[in-house]
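Subject: Structure for you to look at

Dear colleague,

Here is the structure I said I would pass on. Please open it first; my notes on it follow below.

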Amino acid sequence: MKKVISILLAIVLSVTMLAACGNSGNGGNGSGSGSGSGSASGAESAVDEAAVIESLSTLGDAMALESSDIQTAVYDGKAIYAFKLGDTFYRARASISPEDEQAYMDIDYMDDDYEEQQKNILSPLVIDQIDNLSLQMLSQEELDALVGKTGQDLQDAGWTCSGHNLDGMEFWMEYGPFVYTVVFDGNVPESEYETFDDVEDTRTMTVKSVRFNGLGDATNIE
């Protein structure tokens with residue numbers, strides 16, 4: 001009887017140890033797998049996005065993406081479609097015939113389906129070029145280097161103002177395809193708000209800070 005009990009205990013212990021080892025191994029594999037999956041996920045996402053962009057052949061392909069910050073323009077025989085996919089800004093260009101360009105211009109924006117009419121004209125156009133606009137985005141380090149420069153310095157470098165908030169001395173200035181919020185030192189009396197000139201009156205002001213704002217006129221390729 002003792003021998004039978006001993007054998008049964010041995011079997012139970014053996015099964016218990018196997019179960020424990022099995023649980024430990026699965027737990028370890030699960031943890032390792034989760035960590036590896038998370039790490040690979042980011043890389044795979046970047047690769048997937050690059051593959052998606054490379055696979056685009058028409059503007060219709062680009063329009064079908066789940067994107068944001070969309071801008072569209074047609075001029076001088078070109079159709080421009082700017083958009084944001086993930087965290088990256090892109091701009092696709094396509095050639096458009098004079099007939100299609102005129103048809104696009106003739107669309108009545110009062111029509112309920114004017115967007116669909118635009119899409120029908122633009123979708124078949126073959127993409128000639130796709131630019132990664134995010135490569136033109138200035139880093140915060142580059143923006144910080146502008147502190148102390150004058151409005152004239154920015155204008156000479158190609159910065160243009162598209163609006164302002166004189167209460168906070170904030171100016172929305174475009175550089176390349178993006179808009180940045182430039183804060184100038186000083187203040188403007190409220191009595192001078194209506195006559196304030198963004199170009200002339202900021203020439204001697206000095207930059208206090210600059211930060212990224214968002215996409216500007218991304219369809220301008222001149």
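In strand β7 (residues 178-184), seven bridges make the connection to β8, and the two strands run antiparallel. Within that pairing, V183 has S209 of β8 as its bridge partner. Please keep in mind that this is a predicted model.

These two strands belong to an open sheet of four, ordered β5-β6-β7-β8, with antiparallel pairing. Its edges are β5 (160-165) and β8 (207-215), each of which pairs on one side only. From one strand to the next, the twist averages 25°.

There is another open sheet of four strands, in the order β1-β2-β3-β4, and here too the pairing is antiparallel. β1 and β4 (127-132) are the edge strands, each pairing on one side only. The twist in this sheet averages 15° from one strand to the next. Strand β2 (residues 78-85) pairs with strand β3 (residues 88-95) in the antiparallel sense, over eight bridges. I80 stands opposite R93 of β3.

On the aromatic residues: the whole structure contains ten aromatic pairs. One of them joins Y81 and F83 in a tilted arrangement, 5.5 Å centre to centre with 35° between the planes. Y81 is buried, at a relative accessible area of 4%, and F83 is buried as well, at 0%. F171 and F184 form an edge-to-face pair, with 5.2 Å between centres and 80° between the planes. F171 lies in strand β6 (residues 170-175) and F184 in strand β7, so this pair ties together parts that are 13 residues apart in sequence. Both F171 and F184 are buried. Separately, ring pairs link F89, W159, Y175, F178, Y180 and F212 into a cluster.

Last, the pockets. The largest pocket has a volume of about 160 Å³. Its lining consists of M63, I70, T72, Y81, E115, Q118, K119 and L122. The elements that give two or more residues to this lining are β1 (68-75) and α4 (114-122). Which element gives the most to the lining? That is α4, with four residues. By class, the lining has four nonpolar, two polar and two charged residues. Y81 is thus on two lists, as a lining residue of the largest pocket and as a ring partner of F83.

Regards

Methods:
Residues numbered from 1 in each chain as written. Predicted model: local features only at pLDDT ≥ 70, side-chain atom pairs only at ≥ 80, totals over all residues. Heavy atoms only, no water. 1 Å grid on protein atoms, 1.4 Å probe; cavity = no way out; pocket = protein on both sides within 12 Å on 5 of 7 lines; lining within 4 Å. Points joined across faces, edges and corners; volume = space filled by probe spheres on them. Nonpolar A, V, L, I, M, F, W, Y, C, P; charged D, E, K, R; others polar. Pairing = 2+ DSSP bridges. Axes fitted to C-alpha atoms, helices over the stretch in contact; angles between N-to-C directions. Phe/Tyr/Trp six-rings, centres within 6.5 Å; stacked < 30°, edge-to-face > 60°. Buried < 20%, exposed > 50% of the residue type's maximum accessible area, 1.4 Å probe, protein only.
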